[in-house]
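Reader: Before we discuss any details, could you put the sequence and the coordinates in front of me?
Author: Here they are, and your questions can follow.

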Amino acid sequence: MRGAVIHGPRDVRFEERADPKIEKPTDAVIRISATCVCGSDLWPYRGANPIDQPTPIGHEYCGIVEEVGSAVRSVKPGQFVIGSFFASDNTCPHCRAGYQTSCLHRELVVGAQAPRLRVPLADGTLVATREVPPDELVPSLLTLSDVMGTGWFAARAANVRPGATVAVVGDGAVGLLGVLSAKQLGAERIIAMSRHSPRQKLASEFGATDIVTERGDEGVARVKELTKGVGADAVLECVGTQEAMQQAIPHGVQLEGQGLFFAHVRLHGGPAPVRSYLPELIDLAWNRKIDPGKVFDLVLPLSQVAEGYRAMDERRAIKALLRP
Ligand SMILES: [Zn+2]
């Protein structure tokens, strides 16, 4: 089969790769219905992480189970499934605590930008929908594999509650879905920090009540002003850079103990345990309560995966969906 392989910075190729097969009795092989380019795929693409050798890439996926190993019990061929970018057994103490991305047996799922994919620990990792979804629902279901689950985790980790005032730092797909998540969790006021008009528009569609275009100290001052000096109850930092993190925590506070202590700040983050949210989010998407698939503003055939990376790198697209 042909799939995406990253060779080096700004060098993603659609080329021949080994066909995935069942390697362990706990594996499944799925036929990908849709996959996409993640903001985190842009880190190696931009040269932030070294690439030692040509490496299959992609970790967001949904599709139809083709084959399962002899030990797999909970999914079967023909079912439509969604899974996390980390495979997990869903039974160890970390999984039971709701942190499947810290599973004692976790394995990265790699190479999803392809027509077929091997998923380890299929029983713990994959969740099947009640039936094969109509095609228009596939983009929203695909987001649950990572980006929507990550926005949801940000909102949950920040303890967004009904009536809350929430600030969202970052207008990438995760930030925009952080807005949607905050809205779904009952936030009354959602301040989206964005300076790009298509993203501001989508943020508003997802429930943002205010848009702040300023960044850094000026952005913090603007949020303070909008909240009459109070600030936000919850801040979702959805970028991952030093600057964004400093913008997310109250003005002047450094990441050191005493500052955090007097600001009553708590930090919670990490790779989102999207597996834990799949049943709930599948339900919300299936019943059209949420439409996270709107973050895909570019749809390409998988063979044009390189253009998907370019468009996101140049910020011409918020997020690229790829169809095998
Ligand atoms: Zn586990």
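**Backbone, domains and packing**

Author: In this predicted model, Arg315 counts as exposed because 12 C-beta neighbours lie inside 10 Å.

Reader: Where is the place of Arg315, and what phi does Arg315 have?
Author: Most residues other than glycine have a negative phi. Arg315, which sits in the loop between α12 (305-313) and β16 (320-323), is not a glycine and nevertheless has a positive phi, of about 55 degrees.

Reader: Does Arg10 count as buried, partly exposed or exposed?
Author: Arg10 is found in the loop between β1 (2-8) and β2 (11-16), and this non-glycine residue has a positive phi of about 55 degrees. Its class follows from the count of C-beta neighbours: the exposed class ends at 12 and the buried class begins at 20. Because Arg10 has 13 C-beta neighbours inside 10 Å, Arg10 counts as partly exposed.

Reader: What distance separates the centres of domain 1 and domain 2, taken over C-alpha atoms?
Author: The domain assignment gives domain 1 as 2-146 + 272-323 and domain 2 as 150-263. Taken over C-alpha atoms, the centres of these two domains are separated by 27 Å.

Reader: Which element gives the most to the side of domain 1 that touches domain 2?
Author: The contact between the domains takes 14 residues from domain 1 and 13 residues from domain 2. On the side of domain 1 that touches domain 2, the residues divide into nine nonpolar, two polar and three charged. With three residues, the element that gives the most to that side is α11.

Reader: How is α5 oriented relative to α11, roughly parallel or roughly perpendicular?
Author: The axes of helix α5 (residues 147-157) and helix α11 (residues 274-286) come within 9 Å and cross at roughly 100 degrees. Angles of 65 to 115 degrees count as roughly perpendicular, so α5 is roughly perpendicular to α11.

Reader: Which residues of α5 and α11 make the contact, and how many of them are charged?
Author: From α5 come Met148, Gly149, Thr150 and Trp152, while α11 contributes Val274, Tyr277 and Leu281. By class, this contact has five nonpolar and two polar residues, and the number of charged residues is none.

Reader: Which helix gives the most to the largest nonpolar core?
Author: Of the 94 residues in this core, those that touch the most other members are Ala28, Val166, Val168, Val179, Ile191 and Leu236. The core draws at least three residues from each of domain 1 and domain 2. With seven residues, the helix that gives the most is α6 (residues 173-184).

Conventions
Residues are numbered from 1 along each chain as its sequence is written. This is a predicted model: local features need pLDDT of at least 70, side-chain atom pairs count only at pLDDT 80 or more; totals for chains, interfaces and linings use all residues. A nonpolar core is a set of buried Ala, Val, Leu, Ile, Met, Phe, Trp, Tyr and Cys residues joined through C-beta atoms within 7 Å. Helices (H or I, at least four residues) and strands (E, at least two) are DSSP runs, numbered from the N terminus. Domain bounds come from an automatic or database domain assignment. Axes are lines fitted to C-alpha atoms, for helices over the stretch in contact, and angles run from 0 to 180 degrees between N-to-C directions. Angles under 35 degrees count as roughly parallel, over 145 as roughly antiparallel, 65 to 115 as roughly perpendicular and the rest as oblique. Two residues are in contact if their C-beta atoms, placed from the backbone, lie within 7 Å. Ala, Val, Leu, Ile, Met, Phe, Trp, Tyr, Cys and Pro count as nonpolar, Asp, Glu, Lys and Arg as charged, and the others, Gly among them, as polar.
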